[in-house]
Amino acid sequence: MNPVVDVKDLETTFFLKSGPFRAVNRISYSINQAETLGIVGESGCGKSVTSFSLMRLIDRPGKVTHGQALLNGKDLFKLSEPEIESVRGGQMAMIFQEPMTALNPVLTIGFQMNEQIEKHLKLTKKDAKDRAIEMLQLVGIPSAAERYDNYSHQLSGGMRQRAMIAMALSCNPQFLIADEPTTALDVTIQAQILELFQNLQEKLKMSVQFITHDLGVISEVSDKVLVMYAGQMCETGPTQEVLTSPRHPYTAALIESRPQMGHRIDRLKTIEGSVPAPHELPVGCPFSNRCSRVKSECWTIKPAFVNITPTRKIACFNPL
Amino acid sequence: MTTFILRRLLQTLVVIVILSYVCFGLMTLMPGDPVEMMISANPKISTEDIVRLREFYGLDQPVYKRYLTWVSDITSGDLGYSRTYRIPVTEMMGPSLRATFILSVTSLVFSLLVAIPLGIACALKPNSKLDYTINLFNFAGISLPSFWLGIVLIIIFAVKLGWLPAGGYQTTGMSYPSWWNEVLDKGKYLILPVVSLSIQSIGRFSRFVRSSMLESLRNDFIRTARAKGMSARVVIWRHAFRNALIPLVTIIAISFSSIFSGALITETLFAYPGVGRLIYSSIMGNDFNVAMISFVISVSMVLIMNLVADILYGVVDPRISYK
């Protein structure tokens, strides 16, 4: 069976005054039907740019400079502007990080849902309204018919994110990109939203690309995981395997730097330094200057992204 | 909402009373009261007559008493007589107000029609050649004094080219067989005043539209709208401009009152029979009653437009509610 989403050698470059900055550097992955791929990494490692590249929402000075992204065999990068507009919000939808600011404050929730439904499902105003209310009910918004006429400031943070999800799912997308959908929510709401998310995915059989820096969330929602660092792939494989026995030092360091239930320690481990700025990127492995297992060749040669088992790949000369 | 409007109206009224009192006081400080005008017209007038006249017109009373008399008169609908034109002020205010209103509204609508597309074009491509070019013209427009621009327009279009009349309100002795002819004829007289009155507001408005659109376009919900597959046109007008409108409403409403009072110079320049010219000629001619009413109207205009701005705020921004 062909995967629903197939990304090959994606490269997105920002042409800045200081020189071109490769935010995403030759990323490849695929997602099958009803499967969830989690993309993890620190801030600034290219997770969101990857998603925006697929949505074709990269604005100047940024540009997708290489690669292809097939959605059901159609290359998204080759579509014309009207064609991509009919895919966006229809077959392919996206949920954003900040429910506070992602909704238009001067339009009602209903209006914002309707314009999308009318466009993609070609429904009349009345049918679109019914569909919107049905979706609001589906994501567990109480008294949905009244909420339909509300503005975003009249909803709580959790409700807004539910409304965002309802909006994204309203036109039966086959592929959903969730860009840190729970980061801005408090923990109890986070749990509710994740549960809702999983239920809906099972029901609607969507392929999901779930972006987060929270490994706990990844282990809950995703089937496989892709670890990114400085715009490049470090490690990929089935989520449980990667999280329990990481092979790339970066993955291991990420896992070690989070607190664990039942283990009392004085100081959490950290990864020294931060993701390097584009012009400071090491010549060899991008992680070499922060890596505890760095070897001499790491400084000069970039490790290839290769299979270590049939389902797992890493880019490292000195794996764990 | 209603209580909010009522409260604001009451505040407005208080401000009008205070300001009209100040105006009234200032007017009494002007050299030359009506009796002195009579003296200069008739040098042989006797001192007893002067005293009697002052008493008759109430000019011997203190300012606050005269003000109270004036207030009670105008509230009962008696605006007094124009000394210059020898007709009741009510009769001359009507047409002047209408003329000024037409001039200001046309100018406001015209400047918005030009400024909004210009501002949006700049905001869509900030720091591009187009942006710089439009900005250059905007600054030129803001910097040019309207009286100078008016004169230049008259020289070019009325004197040199002879396309448009240099001033006035309508062709003298013209009869209008239909309303359309009237609009055409009067419209011809409006063009130059409207243009010279609008150039400045076009510059100002399009700068505001540009910055407020730029800000609006940076919002996350713009990305959401695009991610929903909305076309560029819908994203720009329905999502971005709708939000950019919120700060614009205040500026537009307040500008209307400044256009209204800015018409003073333009009207004088183009001999356009509006309130502005009336204020000018009434002050020059010591026409007390006319000047006072015109002042009160101008002041009320500013205050009322501020109130309108507040109310419109609540209309364009659902987050604001007046309780």
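Select domain 1 of chain B and domain 2 of chain B: across their interface the rule finds zero residue pairs in polar contact, both residues being required at pLDDT 80 or more. A polar contact is a pair of N or O atoms within 3.5 Å; within protein, one must be able to donate a hydrogen and the other to accept it, and residues adjacent in sequence count only if both atoms are side-chain atoms. By class, the side of domain 1 of chain B that touches domain 2 of chain B has four nonpolar, one polar and no charged residues. Here Ala, Val, Leu, Ile, Met, Phe, Trp, Tyr, Cys and Pro count as nonpolar, Asp, Glu, Lys and Arg as charged, and the others, Gly among them, as polar.

This is a predicted model, in which local features need pLDDT of at least 70 and side-chain atom pairs count only at pLDDT 80 or more, while totals for chains, interfaces and linings use all residues. Residues are numbered from 1 along each chain as its sequence is written, chains are lettered from A and ligands numbered from 1 in the order in which they are written, and side-chain values use heavy atoms, with hydrogens and water left out.

**The two domains of chain B**

For the selection, use residues 31–78 for domain 1 and 95–316 for domain 2 of chain B; these bounds come from an automatic or database domain assignment. The domain centres, taken over C-alpha atoms, are 41 Å apart. Five residues of domain 1 of chain B are in contact with five of domain 2 of chain B, contact meaning heavy atoms within 4.5 Å. About 450 Å² is buried between these domains, 68% of it from carbon and sulfur atoms. Buried area is the accessible area (1.4 Å probe) that two parts lose on being put together, summed over both.

**All of chain B**

Next, show chain B as a cartoon: there are twelve helices and zero strands. Helices (H or I, at least four residues) and strands (E, at least two) are DSSP runs, numbered from the N terminus. The C-alpha trace of chain B spans about 85 × 55 × 40 Å along its principal axes.

**Chain B against chain A**

Now add chain A. The interface involves 21 residues of chain B and 27 residues of chain A, and it buries about 2100 Å², with 57% from carbon and sulfur atoms. Pick B:Arg223, B:Arg226 and B:Lys228, which supply 29% of the area that chain B buries against chain A, more than any other three residues.

Between the two chains there are three salt bridges, each a side-chain nitrogen of Lys or Arg within 4 Å of a carboxyl oxygen of Asp or Glu. B:Arg226 forms a salt bridge with A:Asp59, with the closest N and O atoms 2.9 Å apart. The chains also share 13 residue pairs in polar contact, both residues at pLDDT 80 or more. Helix 10 of chain B gives the most to the side that touches chain A, with seven residues. By class, that side of chain B has eight nonpolar, five polar and eight charged residues.

**Two stops in chain A**

Over all chains, the salt bridge count is 22. Select A:Lys47 and A:Glu180, whose closest N and O atoms are 3.5 Å apart in a salt bridge. A:Lys47 lies in helix 1 of chain A and A:Glu180 in the loop between strand 7 and helix 8 of chain A, so the pair ties together parts 133 residues apart in sequence.

Aromatic pairs number 13 over all chains. Rings of Phe, Tyr and Trp (its six-membered ring) pair if their centres lie within 6.5 Å; planes under 30 degrees apart count as stacked, over 60 as edge-to-face and the rest as tilted. End on A:Tyr250 and A:Phe287, an edge-to-face pair at 4.9 Å centre to centre and 65° between the planes.
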